[in-house]
Amino acid sequence: SRGLGDVYKRQDMAKAIIQKNFSNYSAWHYRGKLMPEINTEESKTYGLPLAVITEDFASLKHAYFTDPKDQSPWNYHAWLMSLLSPIQVVAVQYEAE
């Protein structure tokens with residue numbers, strides 16, 4: 001079996017490929033498969049630490065502006081959003097205009 005160090009190396013490789021080419025669907029998919037392996041012990045609420053999710057959303061923002069029609073980052077975005085859903089609503093306030 002592969003150790004955690006190997007998982008980190010593979011995750012870094014996927015991230016480097018994504019930074020060179022935001023359109024690489026395989027790299028986005030591979031990163032999505034590796035991320036839970038790295039962070040399973042660390043995060044109980046979202047599946048990944050919120051800081052990692054926030055960082056990935058920042059990377060996705062660059063991908064959207066580079067090529068908004070490219071589906072690769074949008075698919076990864078949907079996966080990240082699934083980690084945040086369902087978001088618990090604690091209060092709803094109606095404000096009359």
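Which residue forms a salt bridge with R31, and how many Å apart are the closest N and O atoms? Keep that one in mind as you work through the exercises below. The model is a predicted one.

**Exercise 1. Find the partner of R31 and place both residues in the fold.**

Solution.
- Step 1: The partner is D56, and the closest N and O atoms of the two residues are 2.6 Å apart.
- Step 2: This pair links distant parts of the chain, with R31 in helix α2 and D56 in helix α3, 25 residues apart.
- Step 3: Now check the surroundings: R31 is buried, and D56 is buried too.

**Exercise 2. Work out the general layout of the protein from its secondary structure.**

Solution.
- Step 1: Count the elements, and you should arrive at 4 helices and 0 strands.
- Step 2: Read from the N terminus on, the order is α-α-α-α.
- Step 3: Turn to burial: 31% of the 97 residues count as buried.
- Step 4: Take the contacts with a separation of 6 or more; residues 24 or more positions apart account for 56% of them.

**Exercise 3. List the salt bridges and say which elements they involve.**

Solution.
- Step 1: The cut-off is a side-chain nitrogen of Lys or Arg within 4 Å of a carboxyl oxygen of Asp or Glu. With this rule the count is 3 salt bridges.
- Step 2: One of them is the R31 and D56 pair from Exercise 1.
- Step 3: Another joins K15 to E55, where the closest N and O atoms are 2.3 Å apart. Here too distant parts of the chain are linked: K15 belongs to helix α1 and E55 to helix α3, 40 residues apart.
- Step 4: Look at exposure for this pair: K15 is partly exposed, at 23% relative accessibility, and E55 is partly exposed, at 37%.
- Step 5: R10 and D6 also form a salt bridge, with 3.2 Å between the closest N and O atoms. Both residues sit in helix α1 (residues 4-20), 4 residues apart, which is about one turn of the helix.
- Step 6: The helix geometry helps here. An α-helix has 3.6 residues a turn, so residues three or four places apart point the same way.
- Step 7: Finish with accessibility: R10 is buried at 14%, while D6 is partly exposed at 29%.

**Exercise 4. Decide which side of helix α3 faces inward, using its buried residues.**

Solution.
- Step 1: Start with the length. The 17 residues of α3 should span 24 Å at 1.5 Å a residue, and the end C-alpha atoms are 25 Å apart, so the two values agree.
- Step 2: Collect the buried residues of α3: V52, I53, D56, L60, A63 and Y64.
- Step 3: These residues cover an arc of only 115° around the axis, so they lie on the same side of α3.
- Step 4: On the face turned away from the buried side you will find the exposed residues A51, H62 and F65.

**Exercise 5. Identify the aromatic pairs and classify their geometry.**

Solution.
- Step 1: The count comes to 3 aromatic pairs.
- Step 2: Take W28 and Y76, whose ring centres are 4.9 Å apart with 45° between the planes, making a tilted pair. W28 lies in helix α2 (residues 25-39) and Y76 in helix α4 (residues 71-84), so this pair ties together parts 48 residues apart in sequence.
- Step 3: Both W28 and Y76 are buried.
- Step 4: Next come Y64 and W74: the ring centres are 4.0 Å apart and the planes are at 15°, so this pair is stacked. Y64 is in helix α3 (residues 50-66) and W74 in helix α4, 10 residues apart.
- Step 5: Compare the two rings: Y64 is buried at 16% relative accessibility, whereas W74 is partly exposed at 34%.
- Step 6: Finally, ring pairs link W28, Y76 and W79 into a cluster.

**Exercise 6. Describe the surroundings of S72.**

Solution.
- Step 1: S72 lies in helix α4 and is buried, with a relative accessible area of 6%.
- Step 2: Leaving aside residues up to four places away in sequence, S72 touches F22, S23, N24, Y25 and W28.
- Step 3: For Y25 there is a further detail: its backbone nitrogen lies 3.5 Å from a polar atom of the S72 side chain.

Key
Residues numbered from 1 in each chain as written. Predicted model: local features only at pLDDT ≥ 70, side-chain atom pairs only at ≥ 80, totals over all residues. Heavy atoms only, no water. Phe/Tyr/Trp six-rings, centres within 6.5 Å; stacked < 30°, edge-to-face > 60°. Helix = DSSP H or I, 4+ residues; strand = E, 2+ residues; numbered from the N terminus. Buried < 20%, exposed > 50% of the residue type's maximum accessible area, 1.4 Å probe, protein only. Polar contact = N/O pair within 3.5 Å; in protein donor to acceptor, adjacent residues only side chain to side chain. Contact = heavy atoms within 4.5 Å. Expected span 1.5 Å × (residues − 1). Arc of directions from axis to C-beta.
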